[in-house]
Amino acid sequence: MRRSNDPDQREFTRFVKETEPRLSYALAAAYGMETGAEATADALAWAWEHWDRVKTMTNPGGYLYRVGQSNARRYHRPRVLFPSVAPMDEPTIAPELPNALSELSKNQRIAVVLIHGLGYTEREVADLVGMSRWTVRTHTERGLQKLRSTMGVTIDV
Amino acid sequence: MSDLGTQLRSYFDENVERVTPEDVLAGRHVGDLMPEPRFKWRASPRLAVGLGFAVTVLVLGGSLGLGLALRQPGDISGSGRMTFGVGDGTPESTGWWLVGVAAALAAIALVFIVLAIRSARTGSKRNGEEKTMSTTFETQEVDHKLEDAHRANRWLIAAVVVLSVALIALGAWVISDLTAASENAVPDDVAEMLDDYHAAWNTGDGDAFMLLVREVDYEHTANGTSHTAAGAADIIDAYWGPDGIHVEHIGESVLLGDGSTKYVVQPNRVFTPGYPDGMVGFSILKVTEFGDSGWLVIDHTFIGDWIR
């Protein structure tokens with residue numbers, strides 16, 4: 001059983017604040033919003049439970065992504081990975097976006113969302129998902145191309 | 001409408017359910033019930049080489065084994081040269097060394113596969129796990145054993161098991177094939193009669209010899225020189241002179257033909273005692289089952305050449 005209030009807790013808090021965003025977005029992009037959120041929560045819970053090990057890892061984010069992946073595969077897959085755009089968001093988000101995202105492969109979604117949407121570097125994404133930078137770049141380019149094609153976007157405004 | 005990047009960010013910001021450190025710290029202790037991350041298999045060059053070796057062994061061994069199975073004893077090669085051995089009377093066989101070669105190659109393949117598995121297991125060092133293991137070894141020894149078991153890729157294990165079973169089956173098949181009686185093997189009663197026939201020949205026992213041939217039509221031909229049974233005495237004169245001609249089996253005999261009349265082909269060496277070389281060739285013995293007399297020789301043709 002873990003301690004309740006010690007330096008580890010503070011260290012873990014800092015770790016979660018730093019790691020959780022890309023983990024959440026990557027798993028959501030890969031497995032959908034619902035499954036991604038559950039997988040992220042489980043991965044971080046696992047990290048806290050095994051904090052002695054996780055804190056010494058050189059790439060804990062990548063390891064936890066794999067933990068999340070393992071758990072996500074066990075969950076029931078919802079029929080709709082990405083919910084429709086809320087009416088109030090329609091002026092800024094194209095209604096076609098969720099369906100267009102569903103058309104991409106899992107790796108293409110992760111690369112496009114993290115790099116093109118959230119501004120992570122290719123190296124950060126490569127470390128997170130365990131791919132080479134070149135592979136990540138390829139997924140990004142192909143994913144963007146397909147996304148634009150599906151949404152009928154010719155020029156990014 | 002904003003650009004695609006902004007849309008993606010907005011959409012995910014709106015829909016992704018974030019997890020805070022407080023959520024985790026206040027949450028359930030589910031870690032114990034959760035599985036370890038699944039090992040992600042990565043192609044390894046060493047694994048590829050190992051599997052390549054194994055497949056080569058199976059294909060090569062299978063082909064050679066099949067060739068052995070289809071080859072008839074006493075085969076004559078494409079050049080027309082007879083292939084049985086001369087000297088110590090032991091027939092040549094490619095089957096036994098095949099088993100040795102297959103076993104050696106399989107051992108090499110196994111080494112490669114084991115190296116590949118070890119390499120794959122340490123592949124998780126990309127995520128820094130190796131460092132973790134080295135720093136917490138003493139306290140988490142049991143955990144590590146469990147991790148290793150989880151991480152051992154089931155497909156690699158299956159491949160090793162399948163290849164091992166296939167190799168054992170191949171070896172068993174080759175050995176079984178080499179030791180099994182051929183459908184062209186000479187039956188015991190015929191072989192026994194022919195042994196007596198050659199023993200009578202070698203000892204010059206005319207009476208015993210005449211009991212084993214059908215006198216009315218027995219004919220002996222050696223490299224074109226023929227003698228008939230009507231003149232069994234001629235045969236004795238011709239072949240059992242002062243020095244005598246001895247026959248020595250130097251290979252496996254083969255039985256050909258159906259029904260009561262059959263042909264036995266024997267690789268033989270024919271020589272005169274005191275003269276070391278002599279001739280090697282084939283004796284083709286036409287034998288028939290003749291009532292109470294049992295198997296009798298009715299024709300004996302020897303085709304051979306001098307040992308040089």
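Two residues are in contact when heavy atoms of theirs lie within 4.5 Å. The exercises below use a predicted model.

**Exercise 1. The surroundings of H220(B)**

Task: State which element holds H220(B), whether H220(B) is buried or exposed, and which residues H220(B) touches.

Solution.
- Step 1. Find the element: H220(B) belongs to strand β1 of chain B, which spans residues 219-222.
- Step 2. Apply the cut-off: a residue is buried if its relative accessible area is under 20%. H220(B) has a value of 3%, so H220(B) is buried.
- Step 3. List the contacts, leaving out residues up to four places away in sequence: H220(B) touches Y197(B), W201(B), T225(B), S226(B), H227(B), I235(B), Y239(B) and H300(B).
- Step 4. Compare sequence with space: H220(B) and T301(B) are 81 residues apart in sequence, while their C-alpha atoms are 5.8 Å apart.

**Exercise 2. Two histidines of chain A**

Task: Decide for H139(A) and for H76(A) whether the residue is buried or exposed, and say where each one lies.

Solution.
- Step 1. Place H139(A): the residue is part of helix α8, residues 133-151, of chain A.
- Step 2. Classify H139(A): its relative accessible area is 18%, so H139(A) is buried.
- Step 3. Name its contacts, again without residues up to four places away in sequence: N107(A), Q108(A), A111(A), V112(A) and M131(A) touch H139(A).
- Step 4. Place H76(A): the residue sits in the loop between α4 (60-72) and α5 (97-103) of chain A.
- Step 5. Classify H76(A): the cut-off for exposed is over 50%, and H76(A) reaches 71%, so H76(A) is exposed.
- Step 6. Add a distance: H76(A) and T35(A) are 41 residues apart along the chain, and 8.1 Å separates their C-alpha atoms.

**Exercise 3. The two chains described in numbers**

Task: Describe chain A and chain B by their secondary structure, buried share, contacts and accessible surface.

Solution.
- Step 1. Count the elements: chain A has eight helices and zero strands, and chain B has 10 helices and seven strands.
- Step 2. Write the order for chain A: along the sequence, the pattern is α-α-α-α-α-α-α-α.
- Step 3. Give the buried share: 59% of the 157 residues of chain A are buried, and 35% of the 308 residues of chain B are buried.
- Step 4. Consider contacts between residues at least 6 apart in sequence: in chain A, 69% of them join residues at least 24 apart. In chain B, residues 24 or more positions apart make up 59% of the contacts with a separation of 6 or more.
- Step 5. Give the accessible surface: for chain A the value is about 7200 Å², with 49% from carbon and sulfur atoms. For chain B the value is about 17400 Å², with 58% from carbon and sulfur atoms.

**Exercise 4. Salt bridges**

Task: State how many salt bridges the whole structure has, and explain what the pair E20(A) and R18(B) joins.

Solution.
- Step 1. Start from the principle: side chains of opposite charge can pair when their charged atoms come close.
- Step 2. Take the total: there are six salt bridges over all chains.
- Step 3. Look at one pair: E20(A) and R18(B) form a salt bridge with an N to O distance of 2.8 Å. E20(A) is in helix α1 (residues 7-31) of chain A, and R18(B) is in the loop between α1 (4-15) and α2 (21-26) of chain B, so the pair joins two chains.
- Step 4. Check burial: E20(A) is buried at 4% relative accessibility, whereas R18(B) is partly exposed at 38%.
- Step 5. Look at a pair in chain A: E122(A) and R137(A) form a salt bridge, with the closest N and O atoms 3.1 Å apart. E122(A) lies in helix α7 (residues 122-129) and R137(A) in helix α8, so the bridge ties together parts 15 residues apart in sequence.
- Step 6. Note a network: salt bridges with shared partners connect D8(A), D52(A) and K55(A). Within it, D52(A) and K55(A) have their closest N and O atoms 3.9 Å apart.

**Exercise 5. Surface patches of chain B**

Task: Name the residues of the nonpolar patch and of the negative patch.

Solution.
- Step 1. The nonpolar patch consists of I157(B), V161(B) and V165(B), with about 250 Å² of accessible area together.
- Step 2. One of these, I157(B), lies in helix α7 (residues 154-179) and is partly exposed at 42%.
- Step 3. The negative patch consists of D188(B), D189(B), E192(B), D195(B), D196(B) and E289(B).
- Step 4. Helix α8 (residues 188-203) of chain B gives the largest share of the negative patch, five residues.

Definitions and conventions: Residues are numbered from 1 along each chain as its sequence is written. Chains are lettered from A and ligands numbered from 1 in the order in which they are written. This is a predicted model: local features need pLDDT of at least 70, side-chain atom pairs count only at pLDDT 80 or more; totals for chains, interfaces and linings use all residues. Side-chain values use heavy atoms; hydrogens and water are left out. Helices (H or I, at least four residues) and strands (E, at least two) are DSSP runs, numbered from the N terminus. Buried means under 20% relative accessible area, exposed over 50%, partly exposed in between (1.4 Å probe, protein chains only). Accessible areas come from the Shrake-Rupley method with a 1.4 Å probe; for residues, only the protein chains shown count as cover. Patches are made of residues with over 30% relative accessible area and no salt bridge: like charges are joined within 9 Å, nonpolar side chains (Val, Leu, Ile, Met, Phe, Trp, Tyr) within 5 Å. A salt bridge is a side-chain nitrogen of Lys or Arg within 4 Å of a carboxyl oxygen of Asp or Glu. Lys and Arg count as positive and Asp and Glu as negative; His and the chain ends are not counted. The place of a charge is taken as NZ of Lys, CZ of Arg, CG of Asp or CD of Glu.
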